[in-house]
Amino acid sequence: MQRGLDSETKKQLEEEEKKIISEEHWYLDLPELKEKESFIIEEQSFSLCEDLLYGRMSFRGFNPEVEKLMLQMNAKNKAEEVEEETVELDVSDEEMARRYETLVGTIGKKFAKKRDRANYEEDENGDIKPIKTRKMFLKPQD
Amino acid sequence: MAEAAAVVAESLAGYRARAARAVLEQVVLPGEELLLPEQEDGEGPGGAGERPLRLNAGARSRGRVVCGPGLRRCGDRLLVTKCGRLRHKEPGSGSGGGVYWVDSQQKRYVPVKGDHVIGIVTAKSGDIFKVDVGGSEPASLSYLAFEGATKRNRPNVQVGDLIYGQFVVANKDMEPEMVCIDSCGRACGMGVIGQDGLLFKVTLGLIRRLLAPDCEILQEVGKLYPLEIVFGMNGRIWVKAKTIQQTLILANILEACEHMTADQRKQIFSRLAES
């Protein structure tokens, strides 16, 4: 009596399964639903719409802490508006990148050993660039 | 009467979505659809029947438009859900298409995330307080949500105290939650409101008017006598002055401001200043 399936029948079954479960199995047959990019955002809060003042107020020195808070919070609102104006850069990005590049070399030179320091001077085009090649131990050939 | 009815019938029969720009500062009714500026270009004057579909969606040069309270997004248009005046705010820094909203009037408050409100502590159960903010359910306030509160150092809050806090969770599916600290952990004036004083309720629109940057009412009130006011966006105002009489006068003025014209207000203030 033979229990189980023959190796042949097993192979056939496997092949059939593979046919069914092909790669296409994992994709739905629906048409592509493109979500329309909406340019409208919904907000339920009034704080976006109107610039409202801070809710706690004190007048004529009744509560000094609250008066301090009033100045802080209302100034914060105005400061945010001012900050939104464009900030001018003192140093342009390219110049910053260049400086940084050479800076790495100069500081690296400080920590390099005496032998390595010689490597730093070779590449000078006005820039100091360290060479990455190091002298490794070479096994003597017979 | 007959003429008014005829006009209304006419407007309903010949219904077409109006341009939002054309309706600014006018009264809009729920159910109206508003077109955003870029979409009006295809509309000819007296265009017959349907508008041609615009397929050049790629030519959008505007940023995002925010539709605020009272408006909803309906496809590419705005749908009005509350009656009131349509307002618009230009974007400050140039990005985005600005904000549209409806300035409506109501007394019932619906919790909104980020709003600062005055609540009354109604119950204390374990680690949270139940705070009544005037919405459909009481908000929950954890005892750790106060400045400097730890498990050992609990805040001194009793049932019946007034709390000034803001919502962190407020939507129609969940119970609203509020806290008395900001995102950095500082109190910023929130927490338990002190002793004495008077709490009363006004409409939500009045609160927003009073909190507008250039509010004359507050400037005049501030000149009368030393006082302290806390405004909650849920329509509650707490006032305190040195004597009970002054507090009551203040409360009456603020309540009456709703329906007074500027002249009447000035009269009252001048009378008060004399006495």
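Let me start with a pair of strands in chain B: strand E16, residues 227-231, and strand E17 pair in the antiparallel sense, and five bridges hold between them. Please keep in mind throughout that what you see above is a predicted model. One of the contacts in this pairing sets Phe231(B) of the hairpin against Ile237(B), its bridge partner in E17(B). Between the two strands of this hairpin there are four residues, and Gly235(B) takes a positive phi near 90° there.

Strand E17 of chain B, which covers residues 236-241, has another partner as well, since strand E15, residues 198-201 of chain B, runs antiparallel to E17(B) and is joined to it by four bridges. In that pairing, Lys201(B) stands opposite Arg236(B).

Is E17(B) covered on one face, or on both? Both faces are covered, with Arg236(B), Trp238(B) and Lys240(B) buried on one side, and Ile237(B), Val239(B) and Ala241(B) buried on the other. Put as a count, six of the six residues of this strand are buried.

Going back to Phe231(B), which has its place in strand E16 of chain B, this residue counts as buried because its relative accessibility is 1%, and the cut-off for buried is under 20%. Phe231(B) and Leu210(B) lie 21 residues apart in sequence, and their C-alpha atoms are 8.9 Å apart in space.

Now to the charged pairs. Side chains of opposite charge can pair when their charged atoms come close. Over all chains, a search of the whole structure finds 15 salt bridges. One of them belongs to the strand we have just looked at, for the side chains of Arg56(A) and Glu228(B) meet in a salt bridge, at 3.3 Å from N to O. This pair crosses between chains, from strand E2 of chain A, residues 56-59, where Arg56(A) sits, to strand E16 of chain B, where Glu228(B) sits. Are its two ends buried or exposed? Arg56(A) is buried, with a relative accessible area of 9%, and Glu228(B) is buried too, with a relative accessible area of 4%.

A second salt bridge lies within chain B, where the side chains of Arg87(B) and Glu25(B) meet at 2.3 Å, N to O. Here the pair links distant parts of the chain, 62 residues apart, with Arg87(B) in strand E7, residues 84-89, and Glu25(B) in the loop between strands E1 and E2 of chain B. Arg87(B) counts as partly exposed at 22% relative accessibility, and Glu25(B) is partly exposed with a relative accessible area of 41%.

A third example is the salt bridge of Lys130(B) with Glu175(B), in which the closest N and O atoms are 2.5 Å apart. Lys130(B) lies in strand E10 of chain B and Glu175(B) in the loop between E12 and strand E13, so this pair ties together parts that are 45 residues apart in sequence. Both ends count as partly exposed, Lys130(B) at 21% relative accessibility and Glu175(B) at 29%. There is also a network, in which salt bridges that share partners join Glu50(A), Glu25(B), Arg87(B), Asp103(B) and Arg208(B).

Let me turn to a sheet that uses strands of both chains. This open sheet has five strands in the order E1(A)-E4(B)-E8(B)-E7(B)-E2(B), with mixed pairing. Strand E1 of chain A and E2 of chain B stand at the edges with a single partner strand each, so one side of each is left without a neighbour in the sheet. The partner of E1(A) is strand E4 of chain B, residues 65-67, and the two pair in the parallel sense over three bridges, with Ile40(A) having Val65(B) as its bridge partner.

Next, a pocket. The second largest pocket has a volume of about 900 Å³. Its lining has 34 residues, and the closest to its centre are Gln44(A), Val110(B), Pro111(B), Val112(B) and Ala170(B). The largest share of the lining, three residues, comes from H2(B).

Finally, on the surface, a nonpolar patch of about 730 Å² is made by Val91(A), Met96(A), Tyr100(A), Leu103(A), Val104(A), Ile107(A) and Phe111(A). Tyr100(A) has its place in helix H4 of chain A, residues 93-111, and counts as exposed at 52% relative accessibility.

How values were computed
Residues numbered from 1 in each chain as written. Chains lettered and ligands numbered in written order. Predicted model: local features only at pLDDT ≥ 70, side-chain atom pairs only at ≥ 80, totals over all residues. Heavy atoms only, no water. Patch = residues over 30% accessible without salt bridge, like charges linked within 9 Å, V, L, I, M, F, W, Y side chains within 5 Å. Areas by Shrake-Rupley, 256 points an atom, 1.4 Å probe, with all protein chains shown as cover. Salt bridge = Lys/Arg side-chain N within 4 Å of Asp/Glu carboxyl O. Buried < 20%, exposed > 50% of the residue type's maximum accessible area, 1.4 Å probe, protein only. Pairing = 2+ DSSP bridges. 1 Å grid on protein atoms, 1.4 Å probe; cavity = no way out; pocket = protein on both sides within 12 Å on 5 of 7 lines; lining within 4 Å. Points joined across faces, edges and corners; volume = space filled by probe spheres on them.
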